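Student: Please pick one part of this structure and take me through it closely. I'd like the cut-offs spelled out as you go.

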Amino acid sequence: MAVRTAFLTVKDAADYLGLSPRTLYVWRHRRQGPPSFRMGPRGRVMYRVEALDAWVREQEQADSRSNPALNPLRVRPQERSAGFIRA
């Protein structure tokens with residue numbers, strides 16, 4: 001029986017997301033990317049699997065290719081003003 005852990009290390013979280021550990025470290029430093037926290041006496045950076053999944057869903061919803069409501073082609077282009085004067 002395989003045990004599925006609720007927490008992942010940076011390396012495991014990077015593998016889970018298909019990213020490099022360095023990318024996660026940079027995002028964490030910039031306060032971007034999925035939420036993480038320090039755990040234990042040595043303060044290891046950890047990620048919750050459920051938080052990673054939620055973060056991926058947020059990324060999908062923020063992308064116009066995945067979210068039809070954000071598709072810029074759904075909005076009619078605005079008419080240009082006829083009052084443009086060249087100097």
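Tutor: Reading along the sequence, you get the pattern β-α-α-β-β-α, so to speak three helices and three strands in the chain. Those are DSSP runs numbered from the N terminus, H or I over at least four residues for helices and E over at least two for strands. This is a predicted model, in which local features need pLDDT of at least 70 and side-chain atom pairs count only at pLDDT 80 or more, while totals for chains, interfaces and linings use all residues. Residues are numbered from 1 along each chain as its sequence is written, and side-chain values use heavy atoms, with hydrogens and water left out.

Let's zoom in on helix 1, which covers residues 10-17. Two packed helices are described by the angle between their axes and the distance between the axes. Here the axes are lines fitted to C-alpha atoms over the stretch in contact, and angles run from 0 to 180 degrees between N-to-C directions.

Take helix 2 (residues 21-29) as a partner: its axis and that of helix 1 come within 8 Å and cross at roughly 105°. That makes the two helices roughly perpendicular, on a scale where under 35 degrees is roughly parallel, over 145 roughly antiparallel, 65 to 115 roughly perpendicular and the rest oblique. Helix 1 brings Val10, Lys11, Ala13, Ala14 and Leu17 to this contact, and helix 2 brings Pro21, Leu24 and Tyr25; contact means heavy atoms within 4.5 Å. By class, the residues split into seven nonpolar, no polar and one charged. For that split, Ala, Val, Leu, Ile, Met, Phe, Trp, Tyr, Cys and Pro are nonpolar, Asp, Glu, Lys and Arg are charged, and the others, Gly among them, are polar.

In the loop between helix 1 and helix 2 sits leucine 19. Leaving aside residues up to four places away in sequence, leucine 19 touches Ala14, Leu24 and Trp27. With a relative accessible area of 29%, leucine 19 is partly exposed; buried would be under 20%, exposed over 50%, and partly exposed is in between, using a 1.4 Å probe and protein chains only.

Now for helix 3 (residues 49-61), whose axis comes within 11 Å of the helix 1 axis, crossing at roughly 35°. The crossing is right-handed, i.e. the near helix is turned clockwise from the far one by less than a right angle, where anticlockwise would be left-handed. Ala13, Tyr16 and Leu17 of helix 1 meet Val49, Leu52, Asp53, Trp55 and Val56 of helix 3. This contact has seven nonpolar residues, no polar ones and one charged.

Leucine 52, in helix 3, is worth a stop. Its relative accessibility is 0%, so leucine 52 counts as buried. Again skipping residues up to four places away in sequence, leucine 52 touches Leu8, Ala13, Tyr16, Leu17, Pro34 and Tyr47. For the chain as a whole, 20% of the 87 residues count as buried.

Back inside helix 1, lysine 11 and aspartate 15 form a salt bridge, with their closest N and O atoms 3.2 Å apart. The criterion is a side-chain nitrogen of Lys or Arg within 4 Å of a carboxyl oxygen of Asp or Glu, and the structure holds one such salt bridge. Because these two are four residues apart in helix 1, about one helical turn separates them.
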